[in-house]
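Thanks for coming. I will walk through one structure today, a part at a time, for anyone who has not looked at it before.

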Amino acid sequence: MSYLLSQLVNGLSLGLVLGLIAVGFVVVFKATGVLNLAHGSVLLLGAYLVAKLHEPLGFWLAAAAGVLGAAVVAALINTLLVRRVAEPNPGTFAILTIGVDILLLTELTREIGNDVLSNGAPWGADVVEFAGVTLPASRAIAAVLAIVLFGVLGLLAARTNWGIGMRAAAADGDTASLMGIRLSRTSATGWALAGAFAAIAGVFLTSFPATGVTPSVSLVALAAIPAWVLGGFDSIPGAIVGGLVIGVAQAFAVGYESELHFLGRGFGEVVPYAVMLLVLLVRPQGLFGGKEAIRV
Amino acid sequence: MSERMTRSAGVPMLALGGLALLAALALPLWLDDFWLQTGLFAMAAVVGAIGLTLLVGVAGQLSLGHAFFIGVGAYTYTVLVGEPGERVLGLGLPPLLALVAAGAVAGMAGALFSPIAGRLRGIYLGLASLGLVFLGRHLWINLEDLTGGFNGRSVEPFAVPGFSFSNHDPDYLAVLGTEFDGLHRQWYLFLAVALLAAWFAYGVKSSRVGRALASVRDSEVAAASVGINVTTAKATVFTLSSVYAGVGGALMALAFSRIAPDSFGLLLSIDYLVMIVLGGVGSVAGASAGAVFVSVLPLVLAEYSAQLPFLSDVGSGGLDGATLSRLIYGAAIVAVLLFLRGGLAGGLDRLRQRLVAPTSKETVAS
């Protein structure tokens with residue numbers, strides 16, 4: 001029972017971190033209609049900056065620099081590249097971000113080399129215990145922080161001009177422009193927020209129990225894509241729920257691997273994608289996504 | 001659109017194509033083994049890229065799962081021609097049959113995915129198909145009896161009765177004083193398959209089916225209102241592109257002569273997207289050119305990295321060949337999408353129109 005509970009808690013805490021990445025996909029998609037496949041390398045960039053800077057600056061300043069750096073780079077990707085594409089449509093946007101991802105990831109891989117960089121987080125390898133469940137301190141902090149950030153994002157989306165602008169852009173970009181909404185600002189803010197959230201997730205994904213910053217961390221952002229798709233493409237709560245579903249499914253698949261042996265070794269890595277395909281078979285629009293209305 | 005292109009393509013384009021074909025036929029007489037091997041990889045990639053450009057360019061569906069179907073083709077071929085009674089399963093079937101079966105099985109896998117492929121469009125399909133690559137990798141690693149697991153298995157060379165596309169049977173074969181060993185023989189096999197693939201794709205593009213697909217791409221509602229079954233059309237083109245991927249995968253297995261799960265990962269899917277984007281999405285010739293570029297560049301940079309002063313050895317922390325080629329891809333994609341509408345094919349088309357237009361005006365004036 002306590003094993004089950006601890007797997008569940010582990011899964012939920014991982015799911016909240018995945019949710020941080022997944023809401024980044026949602027915000028970028030709503031504000032600019034872009035499937036951002038460079039999200040993973042922006043996440044890696046944030047984590048890398050923290051790991052590089054924590055010795056000279058101390059962890060907290062380095063974390064701030066990493067988050068800021070990822071936010072600025074994400075906003076620049078949007079302003080300098082995405083908005084200048086010769087043929088703007090979702091397909092070209094997606095492929096452009098693949099190009100950006102290749103550039104950023106290749107350069108970061110070269111910088112990191114074969115090293116595993118520590119990010120020097122003050123919580124180190126501590127664990128917290130409550131109700132008989134042990135959880136790495138990094139995960140517990142990540143979970144609390146993620147919930148706070150989701151609250152902030154929800155408020156931003158519901159109560160600020162930026163949130164209104166984003167929803168207007170998602171509904172109809174041209175009309176929103178005509179109504180005086182500055183899409184350049186709305187979209188840059190969306191990208192910057194997504195980048196900042198990714199960097200925060202990156203810091204926790206490279207803390208204990210993970211070993212540190214390696215290029216493969218960017219693959220974790222890919223595991224957040226199923227979370228995003230599951231929740232429906234344009235729903236922030238959907239992305240959070242999707243993250244939780246994927247996190248729990250992955251924790252159970254890893255935790256009960258011996259019983260799931262018939263599914264093959266290393267099934268935990270595949271679980272997010274398997275769950276996504278199953279959900280899409282039943283509900284192509286995802287769990288929370290509105291069914292797309294097509295107007296002629 | 002396509003008719004205008006075929007008509008205006010006219011003589012210069014045909015001449016260009018003819019020259020390329022002549023070069024492809026004659027080159028093996030002079031090339032050394034490295035270049036022959038590189039050529040094989042390039043032609044295998046051409047087949048897969050043509051399939052993807054039909055899906056992405058003609059029908060407007062994005063796929064990140066192409067590597068999965070390439071893997072299906074590669075493993076199908078390898079299992080079917082494998083020697084029976086070894087560590088891994090082999091059926092010992094004739095290679096020609098296995099090559100056809102590789103396309104058929106990959107096509108069936110694509111058809112199985114059609115409940116999803118038919119209902120999703122554009123980037124949504126791209127995301128869903130992302131899952132296939134990871135599921136595929138899991139299968140390749142775990143179905144050890146078929147795939148040889150993580151370390152992979154070796155691939156039997158292609159052969160028809162009485163003639164093998166390897167260094168033996170006949171043991172010595174020479175054309176115009178050049179010995180034709182396995183690589184030379186395979187070159188012509190690959191060229192034939194690639195030409196067949198391109199010819200069929202041109203046929204599809206200019207047929208009823210191709211026009212139906214293009215209209216689905218432009219507007220699903222408009223397509224449905226003129227009687228096109230949108231779901232079937234999307235499922236069909238997905239299946240067709242999987243068949244291409246399967247055949248391309250079988251060729252890739254032959255060129256590698258050993259296959260392992262890591263060859264069919266997400267990076268391969270992305271490579272294929274890069275090929276068709278550089279060439280110009282939807283253009284068969286463009287996809288072929290892109291495929292040649294993307295598959296040749298890293299091999300050449302790795303081969304000649306010693307001679308290039310700005311390149312260093314792998315692992316020394318400097319700029320090695322593989323890293324440089326990835327940086328070039330990334331930059332090329334971004335540059336093409338920002339500045340070169342329609343990729344290489346689109347650029348060439350506009351260049352030709354600019355060259356042709358003044359001359360026709362002169363004729364009118366005189």
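I will start on the surface of chain B. B:L89, B:L91, B:L93, B:L97, B:L139, B:L143 and B:L146 make up a nonpolar patch there, and their accessible area together is about 550 Å². Please keep in mind that this is a predicted model.

Take one member of that patch, B:L89. Where does B:L89 sit in chain B? It is in the loop that runs between α3 (66–81) and α4 (95–112). Its relative accessibility is 41%, so B:L89 counts as partly exposed, since the partly exposed class covers what falls between under 20% and over 50%.

The helix before that loop is α3(B). Is α3(B) mostly covered or mostly open? It is mostly covered, with 16 of its 16 residues buried. From the first C-alpha to the last, α3(B) reaches 23 Å, which is close to the 22 Å expected for its 16 residues at 1.5 Å a residue.

Now chain B as a whole. There are 366 residues in chain B, and 52% of them count as buried. The chain has 15 helices and six strands. About 16,400 Å² of chain B is exposed, and 68% of that comes from carbon and sulfur atoms. If you take the contacts in chain B with a separation of 6 or more, 73% of them are between residues 24 or more positions apart.

Next, the annotation. An unreviewed UniProt entry gives the feature "transmembrane region" for chain B at residues 36–57, 64–82, 88–111, 123–141, 187–204, 272–301 and 327–344. I will compare two of these spans with the model. Residues 36–57 of chain B are 100% helix and 0% strand, with 30 Å between the end C-alpha atoms. Residues 88–111 of chain B are 71% helix and 0% strand, and there the end C-alpha atoms are 27 Å apart.

On to the charged pairs. In general, side chains of opposite charge can pair when their charged atoms come close. How many salt bridges does a search of the whole structure find over all chains? The search finds five. I will go through three, beginning in chain A.

A:E107 forms a salt bridge with A:R110, and the closest N and O atoms are 3.4 Å apart. Both residues lie in helix α4 of chain A, residues 90–112, and they are three residues apart, about one turn of the helix. A:E107 has a relative accessible area of 26% and is therefore partly exposed. A:R110 is partly exposed too, at 29%.

Back in chain B, the side chains of B:R137 and B:D262 meet in a salt bridge at 2.3 Å, N to O. B:R137 is in helix α6 (residues 123–142) and B:D262 is in the loop between β6 and α12 (266–279), so this pair ties together parts of chain B that are 125 residues apart in sequence. B:R137 counts as partly exposed because its relative accessibility is 28%.

The third pair is B:E220 and B:K234, whose side chains meet in a salt bridge at 3.1 Å, N to O. B:E220 belongs to helix α10 (residues 220–225) and B:K234 to helix α11 of chain B, so the parts tied together here are 14 residues apart in sequence. Are B:E220 and B:K234 buried or exposed? Both are buried.

A word on the backbone. Most residues other than glycine have a negative phi. B:S257 has a positive phi of about 60°, although it is not a glycine. B:S257 lies in the loop between α11 (230–256) and β6 (258–259) of chain B. With a relative accessible area of 41%, B:S257 is partly exposed.

Last, chain A. For this chain, an unreviewed UniProt entry places "transmembrane region" at residues 12–29, 34–51, 57–81, 93–109, 140–158, 188–207 and 262–282. Residues 12–29 of chain A are 100% helix and 0% strand, and the end C-alpha atoms lie 25 Å apart. Residues 140–158 of chain A are also 100% helix and 0% strand, with the end C-alpha atoms 27 Å apart.

One residue of chain A to finish: A:T92, in helix α4. Its relative accessibility is 13%, so A:T92 counts as buried, the cut-off being under 20%. Which residues is A:T92 in contact with, leaving aside its neighbours within four places in sequence? They are A:V85, A:E87 and, from chain B, B:L337.

Terms used
Residues numbered from 1 in each chain as written. Chains lettered and ligands numbered in written order. Predicted model: local features only at pLDDT ≥ 70, side-chain atom pairs only at ≥ 80, totals over all residues. Heavy atoms only, no water. Patch = residues over 30% accessible without salt bridge, like charges linked within 9 Å, V, L, I, M, F, W, Y side chains within 5 Å. Areas by Shrake-Rupley, 256 points an atom, 1.4 Å probe, with all protein chains shown as cover. Salt bridge = Lys/Arg side-chain N within 4 Å of Asp/Glu carboxyl O. Helix = DSSP H or I, 4+ residues; strand = E, 2+ residues; numbered from the N terminus. Buried < 20%, exposed > 50% of the residue type's maximum accessible area, 1.4 Å probe, protein only. Expected span 1.5 Å × (residues − 1). UniProt positions renumbered as here; feature names shortened; annotations may be inferred. Contact = heavy atoms within 4.5 Å.
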